[in-house]
Number of protein chains: 2
Amino acid sequence: MPRRLPPLSALRAFEATARLGSVTRAADELGRTHGAVSRQIRALQDHAGSALFDKAGTGLRLNAQGEALRQVVAQALDQLERGWLRVLDEAQGASVHVACSATFAMRWLVPHLPGFYRLHPDVKVRLSMTSAREIRHQGADLVLAWDRLSYPERDQARAIRLADVAFGPVCAPRYKVSVRQRRLGAATRIVHEHTSRAWTVWQDNSGHVVKTAAELSFPHTHLCIEAALSGLGVALVERRMVADDLAAGRLIAPCGFTPFADGLAAVPASERAASPAARAFVTWIAGELAAGDAGRGVRT
Amino acid sequence: MPRRLPPLSALRAFEATARLGSVTRAADELGRTHGAVSRQIRALQDHAGSALFDKAGTGLRLNAQGEALRQVVAQALDQLERGWLRVLDEAQGASVHVACSATFAMRWLVPHLPGFYRLHPDVKVRLSMTSAREIRHQGADLVLAWDRLSYPERDQARAIRLADVAFGPVCAPRYKVSVRQRRLGAATRIVHEHTSRAWTVWQDNSGHVVKTAAELSFPHTHLCIEAALSGLGVALVERRMVADDLAAGRLIAPCGFTPFADGLAAVPASERAASPAARAFVTWIAGELAAGDAGRGVRT
DNA sequence: TGTATCTGTGAGCGAAACTCACAAAAGGAG
DNA sequence: CTCCTTTTGTGAGTTTCGCTCACAGATACA
């Protein structure tokens with residue numbers, strides 16, 4: 001089924017004319033003479049079998065059909081332009097496509113990104129959220145993952161360690177917990193649906209014991225944190241994800257944070273992981289994570 | 001700010017090639033030789049500064065960038081094609097743009113439309129929902145309105161009366177109302193927010209009296225009917241809007257329906273109201289409304 | 001190895017599109 | 001009302017871009 005479309009160059013001339021309200025200005029923008037644009041519009045109207053402009057004094061004005069067409073064409077050209085510019089950016093290594101968990105993006109990466117843009121105003125960062133499971137590809141250049149050890153061999157070899165991680169239980173200050181030495185009194189445990197094992201690992205690592213009164217499970221770490229903020233219980237989270245909440249006093253970490261063996265890593269996921277933009281991004285994020293560590297020490 | 005776009009004809013060749021997975025087939029679809037398409041793609045890749053296809057055996061396969069571009073371009077061309085075909089339809093009078101209330105569209109027009117398409121397979125009907133207030137234009141060719149009498153003089157003159165209307169109170173069968181002669185026992189009245197006056201007019205016209213125990217108001221007639229179906233009270237609605245519900249026994253009309261002075265009318269709203277499609281639509285809807293009347297008599 | 005199929009490319013040609021110049025129409029200033 | 005400016009529309013001529021044709025290189029398959 002071949003497409004039924006008018007000459008696309010005519011559509012382009014039409015859109016410029018409609019947008020600028022003048023054949024002359026459109027011709028100026030397109031780098032042509034007004035006669036050329038006038039002819040293109042004429043050709044388009046012949047194809048359509050009806051006028052798209054009415055005469056308004058010495059100029060033109062869109063009629064109803066022209067207006068309808070204008071909206072469609074303008075939107076389509078906008079879309080084409082965005083997609084095309086993205087391809088250009090990618091071709092010249094001026095953009096990097098990063099995939100990471102929604103939680104990391106929302107709680108750390110996006111708030112820190114302005115610093116990256118200040119350093120590299122010419123580099124464009126494209127973010128894709130991936131759930132922890134299907135974190136493979138989908139066109140990303142870099143995948144940021146907490147658990148690179150669980151990746152295939154070849155990925156482990158190439159993965160770039162960015163920072164150590166430390167987990168600990170957090171809750172709202174008003175949430176009544178009795179912290180006695182190395183024991184957390186009976187609490188409602190907030191767990192991530194797919195990684196409930198993390199609590200066990202943490203207890204083994206830290207020596208803390210948390211008696212569980214009840215358990216709430218959520219499909220996203222982000223929701224776990226929101227639940228903790230709302231005073232629903234105790235969530236086990238990475239330190240950096242709640243740094244701001246701790247500093248602002250919205251959350252407390254009664255047992256501090258315990259380092260884990262796994263670290264945050266950047267896994268190259270396309271050949272463009274070696275592009276200038278990707279390498280700038282990796283350098284920046286490693287430094288930024290380290291700077292955060294220097295500010296707020298890790299309690300154990 | 002002039003647009004930054006590659007040659008659009010090259011995008012078209014690219015999209016066809018990407019879709020069909022073959023330069024040869026794309027050339028076939030576009031009515032060109034494979035050499036022409038190959039050159040277009042080459043030009044596009046030169047513009048982009050990077051390849052969009054990888055060689056796969058004797059054929060081609062999109063690389064990551066090509067795939068990203070393909071999605072954008074395909075979507076944009078789809079949009080252009082739809083918009084363009086609509087302009088073509090409108091130009092040759094093969095489409096009609098009808099504006100009416102959401103309630104009429106959902107409860108009567110859309111269910112009856114298949115009959116129109118059977119009679120006029122070549123005519124395309126485009127529907128716009130308008131709230132009763134801002135029913136003026138927005139590009140429609142015909143506006144279907146219950147209250148043409150409240151329209152400006154010139155519209156009244158041109159309006160085409162389609163059918164008489166009759167209003168009456170309806171409720172769910174299980175809704176306990178005592179219908180005694182010409183009085184409806186104390187009931188919960190379901191009213192449309194902006195036309196609560198309708199109840200008064202109806203009582204004056206019909207001679208019925210409805211004692212009101214409580215009142216529920218909704219912003220849409222559709223919601224009023226849903227409320228009545230749910231057994232929340234008694235709604236005052238036009239007969240046709242609930243014909244199916246009455247027939248199926250989901251609703252009852254304890255007082256029957258009373259004709260109103262106003263009728264359903266089609267108001268021409270653009271010069272294309274005289275197009276073959278628009279006239280076919282008016283003829284059809286008038287007949288269809290009349291046929292409905294013949295089937296189900298009006299009780300008073 | 002031979003054959004069929006597919007893409008890429010150099011040369012040449014042709015149609016489409018552009019430029020130029022002028023005409024027509026409308027608005028504004030005097 | 002008239003002149004001048006601005007804007008669009010169009011006929012004629014020219015350029016350029018894109019297409020065709022033919023052939024070459026590469027791959028798959030028998």
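Two strands are taken to pair if DSSP finds at least two bridges between them, with helices (H or I, at least four residues) and strands (E, at least two) being DSSP runs numbered from the N terminus. The structure is a predicted model, in which local features need pLDDT of at least 70 and side-chain atom pairs count only at pLDDT 80 or more, whereas totals for chains, interfaces and linings use all residues. Residues are numbered from 1 along each chain as its sequence is written, and chains are lettered from A and ligands numbered from 1 in the order in which they are written.

In chain B, strand β6 (residues 160-170) has two antiparallel partners: β10 (residues 234-238), over four bridges, and β11 (residues 258-268), over six bridges. Val170(B) is placed opposite Ala235(B) of β10(B), while Phe167(B) has Thr258(B) of β11(B) as its bridge partner.

Chain A contains 10 helices and 11 strands. Of its 300 residues, 35% are buried, a residue being buried if 20 or more other C-beta atoms, placed from the backbone, lie within 10 Å of its own, exposed if 12 or fewer, and partly exposed in between.

Chain A is superposed on chain B by a rotation of 180 degrees with 0.1 Å of shift along the axis, at an RMSD of 0.1 Å; the fit is by least squares on the C-alpha atoms of residues with pLDDT of at least 70 in both copies. This is the relation of a two-fold axis. The C-alpha of chain A nearest the axis belongs to Ala76(A), at 2.4 Å. The copies meet through the same surface, because 100% of the interface residues of chain A are also interface residues in chain B.

Helix α1 of chain B (residues 8-20) spans 18 Å between its first and last C-alpha, close to the 18 Å expected at 1.5 Å a residue, that expectation being 1.5 Å times one less than the number of residues. Since 10 of its 13 residues are buried, α1(B) is largely enclosed by the rest of the structure. Among these buried residues are Leu11(B), Arg12(B), Phe14(B) and Glu15(B). They pack against α1 (8-20) and α4 (64-91) of chain A, and against α2, α3, β2 and α4 (64-91) of chain B. Gly21(B), just after the helix, adopts a positive phi of about 70 degrees.

DNA strand C is surrounded by 22 residues, the closest being Thr33(A), Gly35(A), Gly57(A), Thr24(B) and Gly35(B); a residue is near the strand if its C-beta atom, placed from the backbone, lies within 6 Å of it. By class, this surface has five nonpolar, 13 polar and four charged residues.

Note on methods
Nonpolar A, V, L, I, M, F, W, Y, C, P; charged D, E, K, R; others polar. Contact = placed C-beta atoms within 7 Å.
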